[in-house]
Structures are given as C-alpha cells and as structure tokens.
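Visitor: I would like a close look at one helix and at what lies around it in the fold. Please take it slowly, and bring in the neighbouring parts where they help.

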Amino acid sequence: MSDMIICGGTTIRRYRAADADTVTDLWSRASKQAHPFIDGEGECERARTLREVYLVQAENWVAERDGTVIGLLGLLPGQAEGGVEIGGLFVAPEAQGGGTGRQLLEHAAELHGALTLEVFEGNARARRFYAHLGFTERGRRVDEETGHPLLALQRGAPLKSVGWLHLREGRLLSVRTRGNDTFYLPGGKYEPGETAREALSRELSEELGLVLPAGKLSEAFVIHDVAHGKGGRRLHMTCFTGGPQDIAPAPGREIAEYAWFDRQEARERCAPAHWQVVDRLIAQGRMPA
C-alpha cells in the first residue's frame, strides 16, 4: 500500500513529525467538541500523551485537503486476526460532515481488514457514525481515567472485489448471474495471490469471454458500501477502466444476461454499490444525469 492516496479532493498520507502541532490542535478542538462531559479534555496531560505516546507509537495517517491537515487516524495492533484497533479518529470541527472520517476509516479497513474501537457512550454523534458504517457493539467498560462508560465496537473485514467500467453511449455495462434478479458490474472477487488487475482480467474472461490483459487496466476509483445479499457485510470494490470500446461479450456459464443501463435503469435493477458507481460517473461527466 502506498504511503499516499487520493480520495476525490482529499489526500490521505502517512503522518510526519512536522504535522505534530497541526494535528495536536486538530485533536484538541475535535476532542472538546466530541467529549464535553470530560473535564480537561483536549488539554494538559491528555495532550502530552497524544504527542509523546500515540503520535510516536501508533500507525498514524492524516487527511489533507487544499494543503491543510483536516483529519487524524491512529491505528494500534488489533485483537481480531488480520485486523487493527482504531486508537483515534478525529476530524477538524470545520471539516466534519464532508466524508473525511469515512474515508479515513475505510482506508484503515483497506489496509488491515477487520476493525475494532472504543467510543464513549456519551458521544452520540460518533456512535451514530459508526453504526451507519456497520459497526456493532461487542462489550462495554468504565474508563479508569475519566469514569465514563466506553462501548467496544467491531466490524468484520470487507468483501474485496473488482469491477469493470465500460460505457456505450452513456450507458453502463452490467451483468446478471443465473438465479439472480439483480445486476452488477462485470467483475468479482479475488482468487488467492491475485492482484486487483489480475482478478478483473480473469473475471472478464470467465464471465464475458473478453481477453483484457491486466496491464491494460487503469484504476478509476474505489466504492465502499454494503455488499448486496451478504448479511450486512461491507464491500470494498475497486473499479477499473481500459480495454477496447467495441466488444462482443460471450457470456460464460454463470452469466444469464448482460445489458447497458442508464441512471434510472441502474437504480431500478442494480445493486446499491452500482448506484454509487453511476453517481461517480455522472459527476465525472461520463454519464448523463
């Protein structure tokens, strides 16, 4: 994984020592807003601990927009196999509500899979945020330092998949498997040891009889959503462009049919993650609104 990624207009990168003053101020203001019930929150000893312990020992990432750091993510070794604990997730008060917290959280999931964390019971906004992103309660305890109850939350590793973006006259290619009424992007899950591009190249061959070398695929964007029909499990779908415009699909055994859909048809016949894809393509001017 690169030490820097671009998510829309936000850059997520590794924390640097030069960020210390900025992220300490950000953390202080965000903590005071989130935890008004804690005396001295964001100050004194707690600020010293942030600087001397967490910013030194944790795996830290920042979100940056227009050259300004607006978010901080601290990761600690997790109890779940292959997972990680979110030791802290803070967004500057003036930048909240713009998706930065979600981008940082999904970045942690992409890096490490399963996620655990603790949130103060009195932080209602954070509890709603984590519930919306699929976290469930697994326990609770009283914080020894503050005396306030903490809730332990968890979320399983996301289902990782790949999808191919192929447009014809502003309509998006979609496929339906046998025995299923819902359409999806061409693509699917990884096989062990495959890269994302290799997985998509194989899936396109198996599903539609298309020969598209992995090296010809270019990553477009990543979609995070609830996986359709998977009991609430989260989905991490990397979408690619590339290959010839004129294609003659030859559906494999598992594919019942394929079609090119506009926005309205996609809303009516495709999985929820598909809707996000269409909205992205409309925003990019590649599909009509």
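Guide: In this predicted model, helix H3 covers residues 100-112, and because 13 residues at 1.5 Å a residue should span 18 Å, the 19 Å between its end C-alpha atoms agrees with the expected length. The buried residues of H3 are Thr100, Gly101, Leu104, Leu105, Glu106, His107, Ala108 and Ala109. Just after the helix comes Gly113, whose phi is positive, at about 85°.

Another residue of H3, Glu110, leads to a strand elsewhere in the chain, since Glu110 is among the residues in contact with His236. His236 lies in strand S15, which runs over residues 234-241, and His236 counts as buried because its relative accessibility is 2%, where the cut-off is under 20%. Leaving aside neighbours within four places in sequence, the contacts of His236 also include the run Pro158, Leu159, Lys160 and Ser161, together with Val222, Ile223 and His224.

Turning from the helix to the sheet, 8 strands form an open sheet of mixed pairing, in the order S1-S2-S3-S4-S5-S6-S8-S7. Its edges are strand S1 (4-7) and strand S7 (136-142), each of which pairs on one side only, and from one strand to the next the twist averages 25°. Within this sheet, strand S4 (residues 68-77) and strand S5 (residues 84-91) pair in the antiparallel sense over 7 bridges, with Leu76 standing opposite Glu85 in S5. Helix H4, residues 124-132, packs on the sheet and touches S5, strand S6 (115-120) and strand S8 (149-155), and the direction of H4 makes about 155° with that of S6.

Two further residues deserve a look for their backbone angles. Most residues other than glycine have a negative phi. Cys44, however, has a positive phi near 45° without being a glycine; this residue belongs to helix H2, residues 44-57, and counts as exposed because its relative accessible area of 65% is over the 50% cut-off. Glu169 likewise is not a glycine and has a positive phi, of about 55°, but its place is in the loop between strand S10 (167-168) and strand S11 (171-177). With a relative accessible area of 78%, Glu169 is also exposed.

Notes. Residues are numbered from 1 along each chain as its sequence is written. This is a predicted model: local features need pLDDT of at least 70, side-chain atom pairs count only at pLDDT 80 or more; totals for chains, interfaces and linings use all residues. Side-chain values use heavy atoms; hydrogens and water are left out. Helices (H or I, at least four residues) and strands (E, at least two) are DSSP runs, numbered from the N terminus. Buried means under 20% relative accessible area, exposed over 50%, partly exposed in between (1.4 Å probe, protein chains only). Two strands pair if DSSP finds at least two bridges between them. Axes are lines fitted to C-alpha atoms, for helices over the stretch in contact, and angles run from 0 to 180 degrees between N-to-C directions. Contact means heavy atoms within 4.5 Å. The expected span of a helix is 1.5 Å times one less than its number of residues.
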